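Here's a quick tour of one aromatic residue and the company it keeps. Have the structure open as you read.

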Amino acid sequence: MSRHPEVRWAQRIDKVYITVQLPDAKDAKVNLEPDGVFSFFATAGTDGNSYESKLDLNDKVNVEASKVSVGVRSIFCILEKADAKWWNKLVRDDQKAPHFVKVDWDKWVDEDDDGADVNVDGMDFSNMGGMGGMPGMEGLGGMGGMGGMPGMEGLGGMGGLAGMMGGMGGMGGMGMPPGMEGLGGMGMDDFEDESDDEGEVSKPQDAGKSDAAEISEVEGKAGTAAQSN
């Protein structure tokens with residue numbers, strides 16, 4: 001037997017906010033019809049209990065412009081009214097609101113207030129048009145494929161990206177310009193700085209002398225010293 005989740009609602013002149021309070025909902029399905037019929041189904045809990053609700057809303061809605069976000073603790077719906085006007089209650093005038101429907105005072109504003117729209121930052125929304133399984137979300141599939149990013153088709157989802165990163169191996173294999181392949185990973189040992197040693201630098205002409213010339217020069221100096229003695 002299905003149970004009724006708690007439903008909270010608030011409104012602006014042009015939209016209705018419906019929050020279905022159901023933590024850890026699975027297989028959530030939300031359906032909205034233009035004449036204002038709102039229905040919800042999901043399972044939750046360790047026993048996989050079924051939860052459902054159906055509401056005949058006060059007036060017609062714009063299904064294509066309406067959105068839904070399935071979160072960890074609740075399912076949040078933004079329903080666009082077909083006509084921008086205030087509703088005196090959520091369901092039709094000839095019906096009594098079910099016991100599980102309550103006003104969401106955190107989102108509520110009075111009719112004479114120009115209240116800002118509810119902050120929806122961080123929520124992922126799907127279009128409710130033709131919902132029944134939540135169309136538009138089938139392709140998410142754990143981010144596999146990363147469709148829609150030209151030039152990245154060969155990555156094969158996040159796995160391919162990880163493989164590409166693994167191949168970088170410390171910046172090696174970055175596609176170095178021709179002639180620089182020997183840098184092999186840009187290791188710091190390949191760039192030892194020897195400029196800190198302030199040793200003597202031989203002059204070019206001295207460095208070019210042969211060993212024989214140096215010996216002859218030494219012998220000449222020794223002979224001169226002997227004659228002076």
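## How buried is Trp-9?

Trp-9 has a relative accessible area of just 6%. The cut-off for buried is under 20%, so Trp-9 counts as buried. Keep in mind that this is a predicted model.

## Its ring partner

This model holds four aromatic pairs. In one of them, the ring centres of Trp-9 and Trp-108 sit 5.1 Å apart with the planes at 85°. Edge-to-face needs an angle over 60 degrees, so that's what this pair is.

What does the contact tie together? Trp-9 belongs to strand β1 (residues 6-11), while Trp-108 is in the loop between β8 (101-103) and β9 (126-127), so the pair links parts that are 99 residues apart in sequence. Trp-108 itself is partly exposed, at 25% relative accessibility. Add Trp-105 and you have one aromatic cluster: Trp-9, Trp-105 and Trp-108.

## The strands around it

Now for the backbone. β1 pairs with strand β2 (residues 15-21) in the antiparallel sense, over six bridges, and a hairpin of three residues joins β1 to β2. Within β2, Ile-18 is the bridge partner of Trp-9.

β1 also pairs with β8: these two run parallel and share three bridges. There, the residue opposite Trp-9 is Val-103. To sum up the backbone side, Trp-9 has Ile-18 as its partner in β2 and Val-103 opposite in β8.

Conventions
Residues are numbered from 1 along each chain as its sequence is written. This is a predicted model: local features need pLDDT of at least 70, side-chain atom pairs count only at pLDDT 80 or more; totals for chains, interfaces and linings use all residues. Side-chain values use heavy atoms; hydrogens and water are left out. Rings of Phe, Tyr and Trp (its six-membered ring) pair if their centres lie within 6.5 Å; planes under 30 degrees apart count as stacked, over 60 as edge-to-face and the rest as tilted. Helices (H or I, at least four residues) and strands (E, at least two) are DSSP runs, numbered from the N terminus. Buried means under 20% relative accessible area, exposed over 50%, partly exposed in between (1.4 Å probe, protein chains only). Two strands pair if DSSP finds at least two bridges between them.
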